[in-house]
Amino acid sequence: MTAGPDWRALNRANWDERVAVHLKAPGYDLAPLRAGHGKLNPIEEAELGEVAGLEVLHLQCHFGADTLSLAQRGARVTGLDFSEPAIAAARALAGELRLADQARFVCADLYDAPAAIGRPGAFDLVYVTWGATCWLPDIRRWAAIVAQFLKPGGRLYYADHHPTAFVFDDGTKLPDGRPGYFVPYFHREAVVLTESTDYADPQAHLANATSVSWMHSLSDIVSGLIDAGLSLDRLHEHAHVPWRMFQLLVEREDGDWYWPDKPWLPLALSLQATKR
Ligand SMILES: C[S@@+](CC[C@H](N)C(=O)[O-])C[C@H]1O[C@@H](n2cnc3c(N)ncnc32)[C@H](O)[C@@H]1O
């Protein structure tokens with residue numbers, strides 16, 4: 001793993017710009033949240049279980065839509081993100097939804113979370129979903145941070161793209177439309193990409209188009225968590241994902257995106273792990 005060129009500044013500028021785009025994007029429908037019953041995606045809805053009464057830490061919470069959905073279900077939530085516009089939007093949304101007493105938002109880099117939040121061992125649930133860990137160079141340090149926030153017996157819920165799917169990309173498309181090879185599975189260097197489009201709004205054109213991300217293999221994620229003091233309870237692979245990861249995927253009624261013909265590769269990964 002190498003950290004790559006100014007990764008934090010490039011990624012923060014990229015994510016800062018996406019906040020305004022996402023607040024109006026078709027891919028982020030805030031109507032259910034504003035109606036008092038925010039929805040999560042099908043995978044975590046099926047797997048997460050009750051959160052009422054839990055102390056929840058949502059890492060890389062973006063503008064807080066999922067954080068506030070968890071608050072609407074009765075959790076006391078803390079959301080963390082390094083984007084100031086994201087945290088400002090999350091706080092405004094919490095005020096609008098009258099959830100400010102239950103939801104606290106902290107603006108800090110993930111690796112500064114222990115100092116920014118304090119409260120080691122205070123959380124029943126650490127919640128990390130969709131497009132989170134690929135922005136972090138050091139997955140073992142991430143796992144140690146997750147572990148230090150959990151109470152003994154507290155759990156991590158994690159759902160994200162499957163690392164196998166990160167190997168492929170539409171930029172290297174095969175003649176039949178399937179995505180082609182993009183990043184080797186065992187690549188540990190930074191992946192620098194300049195792409196002005198946005199996954200949630202096909203009309204958007206980003207000025208801060210360069211981002212830096214990392215491939216984290218399944219064993220790096222799982223071993224990182226085990227070595228940090230968590231026990232793996234469940235690990236699921238899914239042939240669908242909440243966004244149009246590849247152009248040829250098709251949307252089904254549940255809102256997730258599926259392979260059109262055969263389930264060629266896992267697209268998403270979810271796991272639960274408990275602090276020993
Ligand atoms: C795809 S979004 C995650 C969306 C999330 N699933 C949600 O609840 O809406 C990725 C988020 O990670 C944040 N992020 C990226 N790198 C970060 C870092 N080093 N520290 C903290 N937040 C970071 C971005 O600002 C962005 O809000």
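**Notebook: helix α4 and its surroundings**

I began with α4 and looked up which of its residues are buried: A65, D66, T67, L68, S69, L70 and A71. The model I am reading is a predicted one.

I then asked how enclosed α4 is, given its eight residues. Seven of the eight are buried, so the rest of the structure largely encloses this helix. I took buried to mean that 20 or more other C-beta atoms lie within 10 Å of the residue's own.

Next I looked up what the buried residues of α4 pack against. I noted two helices by name, α2 (31-34) and α5, and the strands β1 (55-59), β2 (76-81), β3 (103-107) and β4 (123-129). After α4 comes G74, and I wrote down its phi as positive, near 100°.

**Ligand shell**

I looked up which residues come nearest to the ligand. There are 19 residues around the ligand, and the nearest are W15, Q60, H62, F82 and G131. By class I sorted the shell into 10 nonpolar, six polar and three charged residues. Which helices each supply at least two residues of this shell? I found α1 (7-23) and α4 (65-72).

**α1 against α5**

α1 led me to its packing with helix α5 (residues 84-96). The two axes are 7 Å apart, and the helices pack at an angle of about 35°. On the α1 side I listed W15, D16, V19, A20 and L23 as making the contact; on the α5 side, E84, P85, A86 and A89. This contact of α1 with α5 has seven nonpolar residues, two charged ones and no polar ones. I noted that W15 also appears among the residues that come nearest to the ligand.

As background for reading such lists, I recalled that an α-helix has 3.6 residues a turn, so residues three or four places apart point the same way.

**The sheet of seven strands**

I traced an open sheet of seven strands in the order β3-β2-β1-β4-β5-β14-β10, and its pairing is mixed. At its edges I found β3 and β10 (230-238), each of which pairs on one side only. From one strand to the next the twist averages 15°.

Inside this sheet I checked β4 and strand β5 (residues 150-161), which run parallel and are joined by six bridges. For V126 I looked up the bridge partner in β5, and it is L156. Helix α7 (residues 139-149) packs on the sheet and touches β1, β4, β5, β10 and β14 (268-275). The direction of α7 makes about 140° with that of β5.

**The sheet of three strands**

I also found an open sheet of three strands, in the order β11-β13-β12, with antiparallel pairing. Why is one side of β11 (240-241) and of β12 (250-251) left without a neighbour in the sheet? Both stand at the edges and each has a single partner strand, so one side of each has no neighbour there. β11 pairs with strand β13 (residues 257-258) over two bridges, in the antiparallel sense. Opposite V241 I found W257 in β13.

**The whole protein**

Last, I looked at the totals. I count nine helices and 14 strands in the protein. Its radius of gyration is 18 Å, close to the 19 Å that the globule rule gives for 276 residues, so the protein is as compact as a globular protein of that length. The C-alpha trace spans about 55 × 40 × 35 Å along its principal axes. Of the 276 residues, 38% are buried. Among contacts with a separation of 6 or more, 71% are between residues 24 or more positions apart.

Definitions and conventions. Residues are numbered from 1 along each chain as its sequence is written. This is a predicted model: local features need pLDDT of at least 70, side-chain atom pairs count only at pLDDT 80 or more; totals for chains, interfaces and linings use all residues. Two strands pair if DSSP finds at least two bridges between them. Helices (H or I, at least four residues) and strands (E, at least two) are DSSP runs, numbered from the N terminus. A residue is near a molecule or strand if its C-beta atom, placed from the backbone, lies within 6 Å of it. Ala, Val, Leu, Ile, Met, Phe, Trp, Tyr, Cys and Pro count as nonpolar, Asp, Glu, Lys and Arg as charged, and the others, Gly among them, as polar. Axes are lines fitted to C-alpha atoms, for helices over the stretch in contact, and angles run from 0 to 180 degrees between N-to-C directions. Two residues are in contact if their C-beta atoms, placed from the backbone, lie within 7 Å. A residue is buried if 20 or more other C-beta atoms lie within 10 Å of its own, exposed if 12 or fewer, and partly exposed in between; C-beta atoms are placed from the backbone. The radius of gyration is taken over C-alpha atoms; the globule rule is 2.2 Å times the number of residues to the power 0.38.
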